[in-house]
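Student: Could we work through this structure together, one question at a time, beginning with its nonpolar interior?

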Amino acid sequence: MTLRDEVRQAVAAVGSPAPHAGGAGGAKGTTSDLTIDETLLLHSAGWEPVDLVYGISWWSIPWGVWQWTTGEVQEASTAFTGAVDHAAKQLRQSCEQSGGSGVLGVEVGVRVSSHHVSIELTGTAVRRTGADSHRFEFVSDLSARDFVLLTRAGWWPLGLAAGASFVIAPRRTAREWAAQQGQNVELPNLTQALYLARERAMERMQQSGTALKAEGIVAVKLREGRASSSARVIQFVAIGTGVHLRTSAHRTVSPELVVPLDEQVRAFDVKGLRRAPAGRRSGGGPERT
Amino acid sequence: MAAAAGDGLPEAATRRLAGGAWSSGLSVSDFASCLDMGMEPVGYVQGYAVLQWSWFMATGGFGMGMGGRLGVAGGWGVTPQRGGQYVEQWQCPHGFVSAEHRMYGANYELTWLEDSWASGWGLATGRMVDEAKELGATGVVGVVDAMRPLVGGTTVEFRASGTAVVVPGAPRPATPFSTYLSGQRLAKLIEAGFAPIAVVATLSAVRMLGYCVTHYQLAGSTAGTWYGSGAGGVSGVGPVDQVNRAQAAARRLARERVRAQLGADVLHGAALETSEREIGEGDLSIQCTLKGTRVRRFKDFDPLPDATPVVRLA
């Protein structure tokens, strides 16, 4: 069957009566934020999307913690950890309710203000195609492509591992300030504060991974910058997916080498297209999913 | 739909659609892909609706949509009202403190706002589809929609546009299909066995009027700790339960509402967006939009081989 035949078949389905949820086979509507490429790739690996799922949590931070201290703001770090755990728990519940075995492509939203930290997790619950029962297995911010590649190598995602550190950079003493005027020298107070904060965020993420019984954490994303509430507050957030090896040893993925012979930008030949056999593809462009 | 096609379309639109060169909003590559699929563009179609608008209507304050019991002693007071409208209430655990103390709090769905949004979006997309009908189109591809403030902050415009296409040799549906997709990805969607049916979207809106504990938490105050957590007080660091319930409710409502439109179909390319507005200290208005293309399976997935990993040497 050619692509044009399939298009005509699809158009015929548009006018057909809509199937009812809970009808034959207990079918129900599904929602997914995966692209069609990801859906196809997951299908080839024996998985299918089930539902769009979410988890959100706001945790409070008491007044005054940003003002009268230097070094790490412990309350903000605790609030971050609590909010991530709470949001991940909701995400898991949402996945289980929809009949999914795991959540893929989780987008992580982090906001820190003077009096609260908010964590928002949104992803698509997936399950094995054709399986009767679905046991919850993982939450991951990996894309469908990365998930398929990871599992092919014998590894398996477990959950999100996250850690954060919020640091108020200490001021220099008047003597230090005066001694450093007009010189390009290291500012040890800032170096030490930033170094410490980075290491603590990473350490907490690794502790979070250990709690998941993960052997490692992949696709770690580090976010850093000044907090919106104060120019002197610097925040570090580290998030990744905890993984463990399911096979006896890592399986080497041997990719095929491909030398593409097409140009990056292809010309559009109207005449050629009009005569093109059905099913031939033209150059792609930016599209919505 | 306020006006049927032809009768309600501007005169210039009727003239434009009646003849002359066809127009299209497709990029050149999308245009090429559509021709490959056997979809011929017949015209750029659009629909608009301007609505008087307020996110904070005077009648939308405390009490609007509230039919439940106040005075539920502490904890959660889950009382869905009016045919499933989301309402939850909270009561101060401290007893009487002062006239300014927030004795009650509530989360409730702003149904008037949701209805207004659904009306504006429905009018714009409906008019776009009406233009496609006027052209005898099979469907509308590459839909782009938006809502934007228009004049003085009290009016908003809903807009929807796309490219109407015909598929020679295919039966013309009573209502043309519509999809956010076009080009290569639309071809893949159809090859995967999904037929585009319609663009769907919904807005859910929840207002949160914080009670004393939520107010303390959002202001960073530890006043509530005097009573200990057992009596409803809060520690300095902890979950803001009322906000969390409101945020989760906004997302759940959006998903349920879209699901109600799907039947056994699939929402492809779902885009979930949320926003909050602080309407006063300790009070929030939360909106959540969920959009995507409703697609229907018309054939099973063709068996796919395992994907082959490659390294490009380009």
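Student: In this predicted model, which residues have the most contacts inside the largest nonpolar core?
Tutor: The largest nonpolar core of the predicted model holds 143 residues. Its share from strand S8 (residues 194–209) of chain B is the largest, at 12 residues, and at least three residues come from each of domain 1 (11–53 + 114–191) and domain 2 (65–109 + 203–297) of chain B. Apart from it lies another core, of five residues, including B:Trp90 and B:Tyr211. The residues with the most contacts inside the largest core are A:Ala76, A:Ala83, A:Leu91, A:Val117, B:Val140 and B:Val206.

Student: Leaving aside neighbours within four places in sequence, which residues is B:Val206 in contact with?
Tutor: B:Val206 belongs to the residues with the most contacts inside the largest nonpolar core. With neighbours within four places in sequence left aside, the residues in contact with B:Val206 are B:Tyr86, B:Asn107, B:Glu109, B:Leu110, B:Ala246, B:Ala249, B:Ala250 and B:Ile286.

Student: How many residues of domain 2 of chain B are in contact with domain 1 of chain B?
Tutor: Chain B is divided into domain 1 (11–53 + 114–191) and domain 2 (65–109 + 203–297). The side of domain 1 that touches domain 2 has four nonpolar, one polar and one charged residues. Those six residues of domain 1 are in contact with residues of domain 2 that number seven.

Student: Which element gives the most to the side of chain B that touches chain A?
Tutor: Between the chains, 79 residues of chain B are in contact with 73 residues of chain A, and by class the chain B side has 45 nonpolar, 21 polar and 13 charged residues. The elements giving two or more residues to that side include helix H2 (28–37), helix H4 (183–191) and strand S10 (266–280) of chain B. With nine residues, the element that gives the most is H6(B).

Student: Which strands are the edge strands of the open sheet with the order S6(A)-S4(A)-S5(A)-S2(A)-S9(B)?
Tutor: Five strands form this open sheet, and their pairing is mixed. Strand S4 (residues 102–112) of chain A runs parallel to S6(A), joined to it by two bridges, with A:Gly102 opposite A:Phe138 in S6(A). Each edge strand pairs on one side only, and the two are strand S6 (138–139) of chain A and strand S9 (238–239) of chain B.

Student: At about what angle to S2(A) does helix H6 of chain B run?
Tutor: Helix H6 (residues 241–262) of chain B lies across strand S2 (47–60) of chain A together with S9 of chain B. S2(A) and S9(B) are neighbours in the order of the open sheet. The angle between H6(B) and S2(A) is about 155 degrees.

Student: Which residue of S10(B) stands opposite A:Thr30?
Tutor: Strand S1 (residues 30–31) of chain A pairs with S10(B) in the parallel sense, over two bridges. Opposite A:Thr30 in S10(B) stands B:Val266.

Student: Which residues of H2(B) are buried?
Tutor: Of the 314 residues of chain B, 47% count as buried, while H2(B) is mostly covered, with eight of its 10 residues buried. H2(B) is followed by B:Gly38, whose phi is positive, near 90 degrees. The buried residues of H2(B) are B:Ser29, B:Asp30, B:Phe31, B:Ala32, B:Ser33, B:Cys34, B:Asp36 and B:Met37.

Terms used
Residues are numbered from 1 along each chain as its sequence is written. Chains are lettered from A and ligands numbered from 1 in the order in which they are written. This is a predicted model: local features need pLDDT of at least 70, side-chain atom pairs count only at pLDDT 80 or more; totals for chains, interfaces and linings use all residues. Two strands pair if DSSP finds at least two bridges between them. Helices (H or I, at least four residues) and strands (E, at least two) are DSSP runs, numbered from the N terminus. Two residues are in contact if their C-beta atoms, placed from the backbone, lie within 7 Å. Axes are lines fitted to C-alpha atoms, for helices over the stretch in contact, and angles run from 0 to 180 degrees between N-to-C directions. A nonpolar core is a set of buried Ala, Val, Leu, Ile, Met, Phe, Trp, Tyr and Cys residues joined through C-beta atoms within 7 Å. A residue is buried if 20 or more other C-beta atoms lie within 10 Å of its own, exposed if 12 or fewer, and partly exposed in between; C-beta atoms are placed from the backbone. Domain bounds come from an automatic or database domain assignment. Ala, Val, Leu, Ile, Met, Phe, Trp, Tyr, Cys and Pro count as nonpolar, Asp, Glu, Lys and Arg as charged, and the others, Gly among them, as polar.
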